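Reader: I am new to this structure. Please take one part of it and go through it closely, then show me how other parts compare with it in kind.

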Amino acid sequence: MPPRPTFLTTRLTPLFSSLFSHSQSPYFSFNSNTPFFFRRNATRTLTTIASSSSTSSSSRRTFSRYRKSQSHHLSTLAEPTAVKLSTKARRRIARGSPEGILKHKLDECSKTGNLVEALRLYDAARNDGVSMNLDHYNKLLYLCSASELGLKRGMEIFQQMLIDRVLPNEATFTNAARLAAAKNDPDMAFELLKRMKDFAIAPKLRSYGPALYGFCKKGDANKAYEVDANMIDSGIAAEESELSALLEVSVSSNREDKVYEMLQRLRTTVRQVSESTFDVIESWFNKEFASKIGEKNWDVNRIREGIERGGGGWHGQGWLGSGQWKVAKTHVNQDGHCLSCGEKLVSIDIDPKETEDFADSLSILACKKDPKLSFIHFKKWLKRYGPFDAVVDGANIGLADGQHFSFARLRFVVEELRQMSPTKRLPLIILHVNRVNCGPALSPNNRRLIESWKKNGVLYATPQGSNDDWYWLYAAVRCKCLLLTNDEMRDHLFQLLGSSFFPRWKEKHQVRVSTSTGKPVLIPPPCYSIVIQESANGNWHVPSVTGDDLDIPRKWLCASRCREKSLHNLWKSTSTTVYT
């Protein structure tokens with residue numbers, strides 16, 4: 001059966017054959033119909049030019065006669081005269097125009113989610129002949145896509161936009177795709193996604209959501225995989241939400257190969273999963289179908305090579321073992337042993353070259369963001385006094401209650417960290433210059449402590465206008481040492497790093513402080529990697545995301561199989577590998 005025609009195939013292409021080849025000029029042309037406001041501005045501009053002229057008196061008289069002549073005849077000019085207005089003046093005029101007033105009112109509707117009023121404004125604008133631009137249409141489409149009331153009108157508005165020859169952007173197509181998905185038509189949503197590329201518009205991750213989630217909701221696994229493949233071809237990485245949807249449709253359709261693939265992609269992308277994804281994974285291992293999947297007698301050398309090649313914690317060779325899965329929600333102790341199956345989780349290696357590259361990228365970013373070459377000075381200082389065994393985020397540790405800075409607390413944890421050091425050397429303490437020179441720092445005891453740290457070359461005061469986060473993070477990465485901070489490092493600064501390396505590095509180097517017992521207690525990094533792990537036994541361990549409370553243990557999902565006799569057990573009894 002041939003595909004059904006849509007307005008896209010019949011109208012979209014011809015409507016964009018000739019669009020906006022010229023940008024709007026910053027000049028206003030006017031004639032006899034030009035309002036007085038514009039003519040007045042023109043006169044003022046000419047007057048300014050005359051007053052600042054450095055020409056001869058004869059030239060000025062000539063110009064004055066010209067100005068008077070222009071002022072007298074402005075209202076009757078047949079030929080347009082261009083007068084350049086300031087950016088501020090142009091913006092003021094734009095805001096007061098019918099188009100500008102409509103934009104402002106639609107902005108308010110968008111903020112409050114008032115679709116009814118937005119549609120009323122749209123209808124009134126159409127009746128009054130107000131020219132609508134891309135911004136107007138995008139706001140209307142966004143509001144329509146978020147409400148059942150707007151589904152029908154949304155498609156009408158989108159078609160009118162095309163008829164009006166308004167060139168769409170990514171947001172336009174994404175909102176239109178949301179409308180299609182809301183009408184249970186993921187095929188149209190996917191078609192809209194493809195048409196974006198036809199118009200050289202780069203899709204974003206959000207552009208794929210309507211089609212992907214639509215197919216997953218309908219249980220159409222093959223179409224969902226097609227959208228996923230298109231996303232990969234576009235160089236866009238799926239995040240947990242997309243991978244979880246793909247995992248769920250794979251589980252429901254008994255696609256064991258895709259379930260395995262999505263678990264591996266979750267391992268590399270998100271490491272720890274949300275509660276909803278946790279439940280989907282658990283549902284797979286509890287299925288009768290899953291008990292029938294797996295290799296009974298596998299090549300031990302192949303599995304070993306896969307583990308070593310990946311740095312530990314996974315092999316990527318497919319499902320191992322057979323029979324019913326034993327599924328348990330459990331915990332992992334401080335030594336890394338699963339309290340359900342007893343298997344020891346591994347610490348996955350970090351490539352030293354990755355660490356060096358990450359330090360260099362940190363330095364480049366910090367130098368761009370930090371003023372007056374301050375960070376370059378710090379790099380020289382660190383090269384002179386480093387390396388260190390540990391770095392302390394002084395402000396984070398000293399501000400125990402978030403309000404009052406305590407040098408006594410800071411001194412205590414610094415000494416505790418010193419005892420953890422193999423060389424027993426004091427750690428590097430990073431503090432803002434105000435913390436070093438003002439407030440509690442002025443007391444005699446704290447002054448002596450500060451001078452002692454300075455004398456030992458372990459205190460660095462970041463200057464005014466600098467963000468000390470760059471300093472302590474760079475020092476810890478460059479020195480390949482521990483970092484003492486309770487900062488979860490989730491804000492905008494750390495988002496700039498944009499690297500999968502950072503969460504792996506943080507996990508292996510961050511020391512935290514717990515005060516649940518009253519006295520500060522240092523919590524060292526775990527001796528195992530908190531990431532989805534696939535063992536040489538064929539067992540799986542999946543960590544969940546936890547909050548910031550260090551005293552609440554992390555929940556893990558353990559999925560294991562009973563083994564009486566297998567090639568793997570034979571290998572395990574004679575092997576000394578650390579990956580068991």
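Author: The account below starts with one residue and its strand, and then turns to salt bridges, a helix and a second set of strands.

This is a predicted model, in which local features need pLDDT of at least 70 and side-chain atom pairs count only at pLDDT 80 or more, while totals for chains, interfaces and linings use all residues. Residues are numbered from 1 along each chain as its sequence is written, and side-chain values use heavy atoms, with hydrogens and water left out.

The protein has 27 helices and twelve strands. These are DSSP runs numbered from the N terminus, with helices (H or I) of at least four residues and strands (E) of at least two. Of its 580 residues, 46% count as buried; buried means under 20% relative accessible area, exposed means over 50%, and partly exposed lies in between, with a 1.4 Å probe and protein chains only.

The part chosen is E534, which belongs to strand β10, residues 533-534. E534 is buried, yet has no salt bridge. A salt bridge here is a side-chain nitrogen of Lys or Arg within 4 Å of a carboxyl oxygen of Asp or Glu. For charge, Lys and Arg count as positive and Asp and Glu as negative, with His and the chain ends not counted. The nearest side chain of opposite charge to E534 is that of R267, 6.0 Å away.

What does the side chain of E534 make a polar contact with? One partner is the side chain of Q264, at 3.0 Å. Another polar contact, of 2.5 Å, joins the side chains of E534 and Y260. A polar contact is a pair of N or O atoms within 3.5 Å; within protein, one must be able to donate a hydrogen and the other to accept it, and residues adjacent in sequence count only if both atoms are side-chain atoms.

Contact in general means heavy atoms within 4.5 Å. Leaving aside its neighbours within four places in sequence, E534 is in contact with Y260, Q264, G313, W314, H315, G316, G318, N539 and W540. For the protein, among contacts between residues at least 6 apart in sequence, 72% join residues at least 24 apart.

The strand that holds E534 is part of an open sheet of four strands, in the order β3-β12-β11-β10, with antiparallel pairing. Its edge strands are β3 (325-330) and β10, each of which pairs on one side only. Two strands pair if DSSP finds at least two bridges between them. Between β10 and β11 (residues 540-543) there are two bridges, in the antiparallel sense. Within this pair, Q533 stands opposite H541.

Elsewhere, charged side chains do meet: the count for the protein comes to 29 salt bridges. One of them joins D107 and K103, whose closest N and O atoms are 3.2 Å apart. Both lie in helix α5 (residues 98-112), four residues apart, about one turn of the helix. An α-helix has 3.6 residues a turn, so residues three or four places apart point the same way. D107 is buried, at a relative accessible area of 17%, whereas K103 is partly exposed, at 35%. K103 and D107 also belong to a network of salt bridges with D135 and K139.

R512 and E488 form another salt bridge (3.5 Å, N to O). This pair links distant parts of the chain, with R512 in strand β8 (residues 510-514) and E488 in the loop between β7 and α25 (492-495), 24 residues apart. E488 is buried, with a relative accessible area of 16%.

Helix α12 (residues 221-233) has 13 residues and spans 18 Å from first C-alpha to last, close to the 18 Å expected at 1.5 Å a residue; the expected span is 1.5 Å times one less than the number of residues. Its buried residues are A221, A224, Y225, V227, D228, N230 and M231. They pack against α10 (186-198), α11 (205-218), α13 (240-252) and α14 (256-269). Just after α12, G235 takes a positive phi of about 75°.

Strand β4 (residues 390-393) is covered on both faces, with A390 and V392 buried on one side and V391 and D393 buried on the other. β4 runs parallel to β7 (residues 482-484), joined by three bridges, and A390 stands opposite L482 there. β4 also pairs with β5 (residues 428-432) in the parallel sense over three bridges, where D393 stands opposite I430.
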